[in-house]
Amino acid sequence: MSGSLRPDPSRWRQAASVVLAAGWTRPGTATQPSPPPPAEDFRLLLLQRSGRQGFMPGAHVFPGGVLDAADHSADWLDLFAPHHGPPRFGLGPAPVRCNAFPSLPNVAGDGNADSKWTLPEDVAFRICAVREAFEEAGVLLLRPRTSPPDPASGPGLALEPPPGLAAWRARVRRDPSHFLRLCEHLDCTPNIWALHDWSCWLTPFWRGGTRRFDTAFFLCCLREPPPVYPDLAEVVGFQWSSPSEATESFLSKEIWLAPPQFYEVRRLANFASLSDLQRFCLDRALEGRERWLPITLLTADATLQILPGDELYLEDSDFFENLMSTEKTEEIMKEGKQFHRIVIHSRHLYDIHVTVQSKYKHVYPKTSVLSKSHL
Ligand SMILES: Nc1ncnc2c1ncn2[C@@H]1O[C@H](COP(=O)(O)O)[C@@H](OP(=O)(O)O)[C@H]1O
Ligand SMILES: CCC(=O)SCCNC(=O)CCNC(=O)[C@H](O)C(C)(C)COP(=O)(O)O
Ligand SMILES: [Mg+2]
């Protein structure tokens, strides 16, 4: 909530988010016919932001928020010792950093701020995501200090909420350094090993947009959904939805998703099972996260977010602060061949067009052109 990275609005806000995917077994009864199960055997935690938020009010998002100085404090070293410590805290070899563009000034991950921190950014961003999941949803992604992580054991569980959860949460929300105190009290560490590199989104430039985030997205598989306690301040509600259910909720206007969250939901629709998803994350652990700056293209009847690999994508830092526009409308889609773009027709109708091969062992959404009947 607080911290030195917040006050300067001209600076990118570094943030971390965690996509929680939990195994789901529908409790069936012999007497009641149950509706057909969703295509996927896992559900994602979506939190509803308060309508009073300055940024994306009312949107459904994955738990997450801005990095605090406490997330990269040297005080964490003692908590992780003696089992884990520099340089990698048991996270395995450092992933290969893939894309040179975009490079941001004064941002960790570009080799600047990181050099001043005691904790590696891979650890600090995971601590941030775990802390935000606790602050916003009361979910504790912690593990006992003495038990070593074992990736072969499959998806784990969140920690049972401790007595006095509400008081601890109030303290952490007031001062994020209390999150370390809570971990000490529970003799646990943040379960940084359960958070897999997934993606990284920069807020695109658009007119009227003032806040810009540089958000690392992690993916965490849990065997079963933990209880969720929205903080009723920043977050006013929640739902567990499979990727296909979340898409349907968005199209039927029950929830609103920003383009990055919609893209990730559609990407996760590639997986039928939690075990496939977990295996996929482990297999691509060395690839890290690619950071994407979508470029906004305004056409006469839609807004396009152009993503890396698309034939219209230009690796040009001018697009940090500018957008593109064109009078052409249908030609943009009809004449092109190499697509990686989100077409925003209206608030609740986005189409994703992908014809390019995915990079870095990742998976892209299948082209999803959704029905205009939802307009
Ligand atoms: N009761 C409340 N109602 C609406 N927004 C709240 C709130 N309590 C905190 N927030 C906002 O939630 C944001 C904190 O998000 P996070 O900790 O996830 O980064 C802050 O927004 P600002 O970024 O506008 O300051 C903060 O002002
Ligand atoms: C067309 C307009 C857009 O695309 S807005 C895109 C907004 N998304 C981002 O900026 C990147 C993703 N980051 C997040 O979603 C963050 O987790 C956050 C912005 C929700 C964090 O905000 P908080 O207020 O919780 O600090
Ligand atoms: Mg938040």
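1. A nonpolar core is a set of buried Ala, Val, Leu, Ile, Met, Phe, Trp, Tyr and Cys residues joined through side-chain atoms within 4.5 Å. In this structure, which is a predicted model, the largest such core comprises 47 residues. Leu 20, Trp 76, Leu 141 and Phe 179 are the residues with the most contacts inside this core.

2. The contributors to this core may be listed by element. Two or more residues come from each of E1, strand E2 (42-49), helix H1 (76-80), H2, helix H3 (165-174), helix H4 (178-186), E8 and strand E9 (235-241). Of the elements, H2 gives the most to the core, namely 10 residues.

3. The metal site should be examined next. The magnesium ion (ligand 3) has as its protein donors Gly 64 through O, Glu 136 through OE and Glu 234 through OE. These donors lie 2.1 to 2.3 Å from the ion. Along the chain, the donors of the magnesium ion (ligand 3) follow the spacing G-x71-E-x97-E. The pair Gly 64 and Glu 136 links distant parts of the chain, since the two residues are 72 residues apart. Gly 64 belongs to strand E4 (residues 64-66), whereas Glu 136 belongs to helix H2 (residues 121-137). Both Gly 64 and Glu 136 are buried.

4. The largest pocket has a volume of about 1,100 Å³, and 49 residues line it. Nearest its centre lie Arg 49, Phe 55, Met 56, Thr 203 and Phe 213. Strand E1 (residues 13-23) gives the most to this lining, with 4 residues. By class, the lining of the largest pocket consists of 25 nonpolar, 13 polar and 11 charged residues.

5. The second largest pocket has a volume of about 730 Å³. Its lining is made up of 39 residues, with Pro 149, Asn 191, Trp 193, Ala 194 and His 196 nearest the centre. Strand E5 (142-144), strand E7 (196-202), strand E8 (213-222) and helix H7 (274-283) are the elements that give two or more residues to this lining. The lining of the second largest pocket divides into 23 nonpolar, 9 polar and 7 charged residues.

6. An open sheet is formed by 5 strands in the order E13-E11-E12-E14-E15, with mixed pairing. Strand E13 (324-325) and strand E15 (349-354) each have a single partner strand, so they stand at the edges and one side of each is left without a neighbour in the sheet. In general, the strands of a sheet pair through backbone hydrogen bonds, in either a parallel or an antiparallel sense.

7. Strand E14 merits separate attention within this sheet. Strand E12 (residues 303-306) and strand E14 (residues 340-346) run antiparallel and are joined by 4 bridges. Leu 304 has Val 343 in E14 as its bridge partner, and Thr 303 stands opposite Ile 344 in E14. The pairing of E14 with E15 is also antiparallel, over 6 bridges. Here Arg 341 stands opposite His 353 in E15. E14 and E15 form a hairpin, with 2 residues between them. E14 is mostly covered, as 5 of its 7 residues are buried.

8. Some elements recur in the points above. Helix H2 holds the magnesium donor Glu 136 and also gives the most residues to the largest nonpolar core. Strand E1 gives the most to the lining of the largest pocket and is among the elements with two or more residues in the core. Strand E8 gives two or more residues to the lining of the second largest pocket and likewise two or more to the core.

How values were computed:
Residues are numbered from 1 along each chain as its sequence is written. Chains are lettered from A and ligands numbered from 1 in the order in which they are written. This is a predicted model: local features need pLDDT of at least 70, side-chain atom pairs count only at pLDDT 80 or more; totals for chains, interfaces and linings use all residues. Side-chain values use heavy atoms; hydrogens and water are left out. Donors are N, O and S atoms within 2.8 Å of the metal (3.2 Å for Na, K and Ca); water is not among the atoms, so sites may look incomplete. Buried means under 20% relative accessible area, exposed over 50%, partly exposed in between (1.4 Å probe, protein chains only). On a 1 Å grid over the protein atoms alone, a cavity is a set of points where a 1.4 Å probe fits but cannot get out, and a pocket is an open set with protein on both sides within 12 Å along at least five of seven lines; lining residues have an atom within 4 Å of a point. Grid points are joined across faces, edges and corners, and a volume is the space filled by probe spheres set on the points. Ala, Val, Leu, Ile, Met, Phe, Trp, Tyr, Cys and Pro count as nonpolar, Asp, Glu, Lys and Arg as charged, and the others, Gly among them, as polar. Two strands pair if DSSP finds at least two bridges between them.
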